[in-house]
Amino acid sequence: MLLLFHYLLLRLMKIKYCYCFVLFFISSFSLRAQVDYARAVVKELASKAYAGRGYVFDGDRKAAAFIAKEFKKSGLLPLSDHYYQPFVMPANVFPKDVKITIDGQKLRMGEQVLIEASSPSLKGKFGLTEVMISSDTDALDKLMQNTAFQHKFLVLDERKALETMKADQFRSALLRLAQGGHYRGILVQTKQKLLWRGATSQLNRPIVYVKNNAAVALEGKQINLAIHARFQPDYTTNNVCGMLKGTSASDSTIVITAHYDHVGAIGRHTVFTGANDNASGTALMLYLARYYQQHPPRYNMVFLAFSGEESGLLGSSFFAKNPLIDLKKIKFLLNFDMAGTGDDGIQVVNGTIFKEQFERLTAINTDKKYLPQVKVRGPMNRSDHYPFYEKGVPSFFIYTLGGIDAYHDIYDRYETLPFTRFNEYVRLIIDFISTI
């Protein structure tokens, strides 16, 4: 009898061991699947084929088609007759490579030189003349009226200008100069990173930024440039929208959002691929859609991929004004941007407003030790949660901290995006959603 007992005990322990091993294997595979899927999505969306997901070479439309295809794979229902919510926006784009040389030295676009995204077309060779500016509007007017600068490029030393004026004053003065005057354009010597942005208008004069570790005398030298810009006043782009129905009878909704657009490309060779901003947030959104297809949620879940964020929250603002769902039924909205790092945790915008939800989120992280920290921040209008927040929708905007510092430049690439804490980030969000 004793021998039989020992035999059964050993069999039970073996079965339990095998069961635990299987659970561990499944869990490990699931964790790998999270980051593997995210990497695959980012690799696709941040490839040069998508032209920086801007409004040239159909970059945004290719990205929207990819997201709609992933929505369909995950069983999401369209919010209307199809997954797209089209809207019209202005966009200034550069369908040809921009070439710039100074005294015969060709400068590498995005690395040594960058044009203002709202620059117009211009081709030719022009002399360079250095000038000083201030925030004084009368002095700016005199400079703009001075006919001695005809057929020349004004050269501004940003470092010197910032000794007498604030950064926002300098930019305002710069844009004012670019709207008029007898000169042909403006060259800014800068020590700052060369960052690009989306442009919804076109200036009268181009602005060229040249990266210098120290200001170099350019007086008397020549700039030779070829800029081909195309202003599109009524460009049609799309939000991509889908939903999963909840298992309960409730019509309450949880909304997951991310913007899929980035700042595009300058011709075929200078592409701002936007791996972290925001192919990574789009990947997180798409992973959650897959997860909740396999684990049906209690409440309805709506997934919104926005275009036009980099041009001024245009896609989310359009949806908030023309909603395809009842905004009053939204229990909570989570907006994800730059989800590809996490070395230093996450930042939660609106955490000071929705304190109860923020405390639940931090309590989960403290208990499970998913991320190094969950930092709190008040309201800010720099991402797609904001048009909904303005309409009374409870919402968080969350982004990861630490890791690479590439942002709006040519270095935000798939190859250098670490996905440091992506698995833990996903588990934290899923656990949090279960408490809503």
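Here is a short conversation about how the terms used for this predicted model are justified.

User: How do you know how much confidence the predictor has in the protein chain?

Analyst: The pLDDT runs from 0 to 100, and the protein chain averages 92. In addition, 92% of the residues score at least 70.

User: Where is confidence lowest, and where is it highest?

Analyst: Helix α1 (residues 2-45) has the lowest confidence, with a mean of 58, while strand β15 (residues 300-306) has the highest, at 99. Over residues 1-10 the pLDDT is below 50, and that stretch has zero contacts beyond near neighbours in sequence. Residues 12-29 also have a pLDDT below 50, again with zero contacts beyond near neighbours in sequence. Where pLDDT is low, the predicted coordinates should not be read in detail.

User: Why is Ser-74 called buried?

Analyst: Buried means under 20% relative accessible area. Ser-74 has 2% relative accessibility, so Ser-74 counts as buried. You will find Ser-74 in the loop between α2 (59-73) and β1 (77-78).

User: What is Ser-74 in contact with, leaving aside its neighbours within four places in sequence?

Analyst: A contact requires heavy atoms within 4.5 Å. By that rule, Ser-74 is in contact with Leu-244, Ala-289, Arg-290 and Gln-293.

User: What makes a set of residues a nonpolar core?

Analyst: Its members are buried residues of the listed nonpolar kinds, joined through side-chain atoms within 4.5 Å. The largest such core has 63 residues, and Ile-256, Phe-303, Leu-334 and Phe-396 touch the most other members. Helix α6 (residues 275-294) gives the largest share of this core, eleven residues. A second, separate core has 51 residues, including Ile-102, Ile-115, Met-144 and Leu-177.

User: Which residues does Gly-181 touch, not counting those up to four places away in sequence?

Analyst: Gly-181 touches Met-144 and Arg-205. Gly-181 is placed in the loop between α5 (167-177) and β8 (185-190).

User: How do you know which residues line the largest pocket?

Analyst: A lining residue has an atom within 4 Å of a pocket point. For the largest pocket there are 50 of them, and Leu-195, Arg-197, Arg-382, Tyr-407 and His-408 lie nearest its centre. The largest share of the lining, six residues, comes from α5. The space in this pocket is about 1200 Å³.

User: How do the lining residues of the largest pocket divide into nonpolar, polar and charged?

Analyst: There are 23 nonpolar, 14 polar and 13 charged residues in that lining. Arg counts as charged, so Arg-197 and Arg-382, two of the residues nearest the centre, belong with the charged ones.

Definitions and conventions: Residues are numbered from 1 along each chain as its sequence is written. This is a predicted model: local features need pLDDT of at least 70, side-chain atom pairs count only at pLDDT 80 or more; totals for chains, interfaces and linings use all residues. Side-chain values use heavy atoms; hydrogens and water are left out. Helices (H or I, at least four residues) and strands (E, at least two) are DSSP runs, numbered from the N terminus. Buried means under 20% relative accessible area, exposed over 50%, partly exposed in between (1.4 Å probe, protein chains only). On a 1 Å grid over the protein atoms alone, a cavity is a set of points where a 1.4 Å probe fits but cannot get out, and a pocket is an open set with protein on both sides within 12 Å along at least five of seven lines; lining residues have an atom within 4 Å of a point. Grid points are joined across faces, edges and corners, and a volume is the space filled by probe spheres set on the points.
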